[in-house]
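Biologist: Could you pick one part of this protein and walk me through it closely, then show me how the rest of the chain is laid out around it? I work at the bench, so please spell out your cut-offs as you go.

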Amino acid sequence: MKYLLLTISILLLHESSIRAQKSTTLPDSLVQVFPLSEEVKETSGLIFWNRLLWTHNDDGDNTIYGINPVSGEIEQKLLISGITVTDWEELQQDDKYLYIGDIGNNYKGNRTDLRIFKKEKITQQTDTIRFYYPGQIDFSVQKANSTNFDCEAFIVTDSVIYLFTKEWSSQSTSLYKIPNSPGNHTAKKTGSLKVNGLITGATFHPSQQLIVLIGYTKTLHPFLYILRDFQKDDFLNGRQQRLKINKRFLQAESVCFINSSKIAVTNEQFNHSLVKSPQQLLLIELSSFISR
């Protein structure tokens, strides 16, 4: 996100702690990389729909961009009408609806208008799902990138939306659930997981009962978290695997399944005085990690 400001000194200070984290590094042979257009330099969410990958920028742009999954080129554009977003951080879908997550809260940490727009794919009729975190009682302006009440990732089922928070201070993610229905809802916390980083996207494969989270460390080392073998919706208490993507200074922002074993990941453009990373699409084959 554009509010993320890092200095090289901070990167060096954190380097030793990153090396100490327990994770498996994905072989480069399992990762394909494609450049993305400047039009999606702030890519933040991702779904696979009608044979294209659809992504969006994180604010100020109501367009979703249909990307060819084998080249990274933009093939279609679709304007999402009738809504105004503050910080659009996630995009999900089911057979009938798109779910637009206006849920980012890292800049001042004091938003009181967190919401998910539920938009019919055919008619574009829109309902609004509003929610709040009951544990957040202080709504004064916070220092940027410090709150634990930020979120950029969720998955949907017919009846429930599950939120995975992006916790800047604790370096954990907490799982909350809200009804998949219009209204004002209290987000119910069901657990937390120490991920040693910032979770920025989620994808769910229902038939495999498999969740993949995407994130990055404070030093911009991207990683995946695979959640599996859980009971019902107790997602954080099953089998877990952390996979490090062998890239540096990559602000990974979104993830989705494109088949039963391959995922797509995008990273947004990152510019620093000494480090520059362009926006990209990564296709990652996970079959060797998720086979039963």
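Modeller: Happily: I will start with one sheet, then turn to the whole chain, a second sheet, the cores and a few single residues.

A word on the ground rules. This is a predicted model, in which local features need pLDDT of at least 70 and side-chain atom pairs count only at pLDDT 80 or more, while totals for chains, interfaces and linings use all residues. Residues are numbered from 1 along each chain as its sequence is written, and side-chain values use heavy atoms, with hydrogens and water left out.

The part I have chosen is an open sheet of 4 strands, in the order β11-β12-β13-β15, with antiparallel pairing. Its edge strands, each pairing on one side only, are β11 (151–156) and β15 (188–194). From one strand to the next, the twist averages 25°. Three terms are worth pinning down here. Strands are DSSP runs of E with at least two residues, helices are runs of H or I with at least four, and both are numbered from the N terminus. Two strands count as paired if DSSP finds at least two bridges between them. For angles, axes are lines fitted to C-alpha atoms (for helices, over the stretch in contact), and the values run from 0 to 180 degrees between N-to-C directions.

Now follow the sheet inwards from β11. With 3 residues between them, β11 and β12 form a hairpin, and the two strands share 5 bridges in the antiparallel sense. Across that pair, V156 has I161 in β12 as its bridge partner. β12 (residues 160–165) also pairs with β13 (residues 172–179), again antiparallel and over 5 bridges. I161 takes part here too, standing opposite I178 in β13. As for burial, β11 is mostly covered, with 6 of its 6 residues buried. Buried means under 20% relative accessible area, exposed means over 50%, and partly exposed lies in between (1.4 Å probe, protein chains only).

Stepping back, the protein chain holds 2 helices and 24 strands. Its radius of gyration is 18 Å, which agrees with the value near 19 Å for a compact globule of 292 residues; that radius is taken over C-alpha atoms, and the globule rule is 2.2 Å times the number of residues to the power 0.38. Along the principal axes, the C-alpha atoms fill a box of roughly 45 × 45 × 40 Å. Buried residues account for 56% of the 292. The accessible surface comes to about 12600 Å², and 50% of it belongs to carbon and sulfur atoms; such areas come from the Shrake-Rupley method with a 1.4 Å probe, and for residues only the protein chains shown count as cover. Of the contacts between residues at least 6 apart in sequence, 53% join residues at least 24 apart, where contact means heavy atoms within 4.5 Å.

Elsewhere there is an open sheet of 4 strands in the order β3-β4-β5-β6, with antiparallel pairing. Its edges are β3 (43–49) and β6 (74–79), each pairing on one side only, and its twist averages 25° from one strand to the next. β3 meets β4 (residues 52–57) over 6 antiparallel bridges, and W49 stands opposite L52 in β4.

On to the cores. In soluble globular proteins, nonpolar side chains tend to be buried together. A nonpolar core here is a set of buried Ala, Val, Leu, Ile, Met, Phe, Trp, Tyr and Cys residues joined through side-chain atoms within 4.5 Å. The largest has 20 residues, of which L224, I263, V265, I284 and L286 touch the most other members. β17 (210–216), β18 (222–228), β20 (251–257), β21 (262–268), β24 (280–285) and α2 (287–290) each give two or more residues to this core. Apart from it lies another core, of 18 residues, among them I155, L193, I199 and A202. Back in the largest core, I284 has contacts beyond its neighbours within four places in sequence, including L26, L30, L224, I263 and V265.

Finally, some single residues. V33 lies in β2 (residues 31–35) and counts as partly exposed at 34% relative accessibility. Setting aside neighbours within four places in sequence, V33 is in contact with K247, Q280, L281 and L282. Q124, in the loop between β9 (115–120) and β10 (126–132), has a positive phi near 65° without being a glycine. K232, in the loop between β18 and β19 (239–244), likewise is not a glycine and has a positive phi of about 55°. Q124 is partly exposed at 22% relative accessible area, whereas K232 is exposed at 77%.
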